Amino acid sequence: MRRVEIFDTTLRDGEQSPGISLSVEEKVEIAYQLARLKVDVIEAGFPITSEGDFESVSRIAAEVDGPTITGLARVHEADIVRAWEAVQWSRRPRIHTFVGTSDLHIEHQMQSDQEDILQRTGEAVRHAKSLAPEVEFSPMDATRTEIGYLAEVVRIAVEAGADVVNIADTVGYTTPVEFAAFLRELQERVPELTERTLSVHCHDDLGLAVANSLAGVVVGAGQIEVAVNGIGERAGNASLEEVVMALATRGDHYGVEVGTETRQISNTSRLVSNITGYEIPPNKAIVGRNAFAHESGIHQDGVLKDRRTFEIMTPEDIGLEGNNIFLGKHSGRHALKDALEELGYSLDGEVLKRAFVRFKEIADHKKSVTAADLEAIAADEVGSFEGKFVLGSFRVVAATGRQSRAAVTISHAERGTFEAEAEGEGPVDSVFRAIDAATSIKGRLTDFRTDAVTGGKDALGEVRVTVEFEDREYSGRGLSQDVVEAAARAYVRAVNVYTAGRVGAAWATP
Ligand SMILES: [Zn+2]
């Protein structure tokens, strides 16, 4: 059977989703789990866009073994050098370079012409190939590019040494039948392509990303670009779990196999959702919480007699049944580390120490600490790693019929400790105002969501906020049994993200 490689771009395209801004620690944590999931390629970032992105890609290349590690680069010399400097530490480094090829992109995005783009493609791929053993080239907006010109660009990239040619449906415009015919024609026009890997990168603007990707497989694509939970620019990318399970479940139809460890899918999906704050819809294929639930009596009866009646996959296939973890207040640090590992988190050193302190605090007040609690603690600790502001203590007075009053103490790694008081509409508002006063940074709350991690009166509360500073939005997450404290932590984290200057790339990408 032909092997199709899974190229995961959760950390690059996925991270460009509105409101997601991951820290280096968070990206490294996700990359370790992607390696356990056994994806073939991890696109770890776009190194030239920021110091943080460069550092994440470098660390993932140096630390995460198994998959090929790649970084994105425009067809500019500086981008390619920077991408190489970051991925060179991997045992399997790859440079991924791209350029817009449709008339719209060439004119408005690149302010260039077809001839110039051909020349830059050749130069960039040759340059990348002189540095890295493996080079991938993507014509951006390929599906809206006239096929004759696209074939010219692809031939030049192949002649210059591109190992992988990735046809990007950047704006999610194509349809399965059309895409298959388009790729076939490209293969006919550029016969040299058969000796390289043909890849597809599909967006979900019309809900067709997975279907289009699978159409690519039918006509010979050897690599599919995906993101966990389908996150990504606008409506997102083809979802990893749907593509993988379609190929694994219907191998008979597609005649291909994948190397992915499907039993890690459930963990990976929850980990990415917890860390990014992007919730999974209950009815989402494969990983939604209802994907394996059988509500109707008729279905249940059928399932009880023989599961195959209404199930084409089992919960075990995606690792859903392995989550019966319960820890109590007598569980030690080793038990916590083991449980976290089973859930996909590889915490160590300081982060593990802090997670253990949090675990103990919670275990003292809660009968048993469940897998969902542990995942929330782990995601929270991984995310709070690089902040310079730390919430010390707070006090709130709230009563019906009058303004709430809050006092907070906040310490800063370099500037010392600050105290402030403020009044506001209710306890949460007054705490936020007091934090603004203590940090001397004024934010504007644009979104506030609160959720109970598990059921029961002693449940952990999780708060997610989006705060605007200087016309840009930053997100934060906080966790506590006290919802006001969770809100305060979330707000302080958003301040930390803002002051660390973490902003995504402003450039268009495939
Ligand atoms: Zn994309």
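Let's start with the hairpin: β14 runs into β15 through a link of three residues. This is a predicted model, and in it β14 spans residues 404-412 while β15 covers residues 416-424. The two strands pair in the antiparallel sense, with nine bridges between them. If you want one rung of that ladder to click on, take R405, whose bridge partner in β15 is E423.

Now step back along the chain to V396, which sits in strand β13, residues 389-397. Is V396 buried or exposed? It has 20 C-beta neighbours inside 10 Å, and buried starts at 20, so V396 counts as buried. Who is around it? Skipping anything within four places in sequence, V396 is in contact with S404, A406, P427, S430, V431 and V484. Two of those names take us back to the hairpin, since S404 and A406 fall within the 404-412 range of β14. For a sense of scale, try V396 against A339: they're 57 residues apart in sequence, and their C-alpha atoms are 36 Å apart in space.

Over to the helices. Two packed helices are described by the angle between their axes and the distance between the axes. For α2 (residues 51-63) and α3 (residues 77-87), the axes come within 7 Å and cross at roughly 40°. That angle is over the 35 degrees limit for roughly parallel and under the 65 where roughly perpendicular begins, so α2 and α3 are oblique to each other. On the α2 side, the contact uses F54, V57, S58 and A61, and α3 brings R82, A86 and V87. By type, the residues of this contact split into five nonpolar, one polar and one charged.

Conventions:
Residues numbered from 1 in each chain as written. Predicted model: local features only at pLDDT ≥ 70, side-chain atom pairs only at ≥ 80, totals over all residues. Helix = DSSP H or I, 4+ residues; strand = E, 2+ residues; numbered from the N terminus. Buried ≥ 20, exposed ≤ 12 C-beta atoms within 10 Å, placed from the backbone. Contact = placed C-beta atoms within 7 Å. Pairing = 2+ DSSP bridges. Axes fitted to C-alpha atoms, helices over the stretch in contact; angles between N-to-C directions. Parallel < 35°, antiparallel > 145°, perpendicular 65-115°, else oblique. Nonpolar A, V, L, I, M, F, W, Y, C, P; charged D, E, K, R; others polar.
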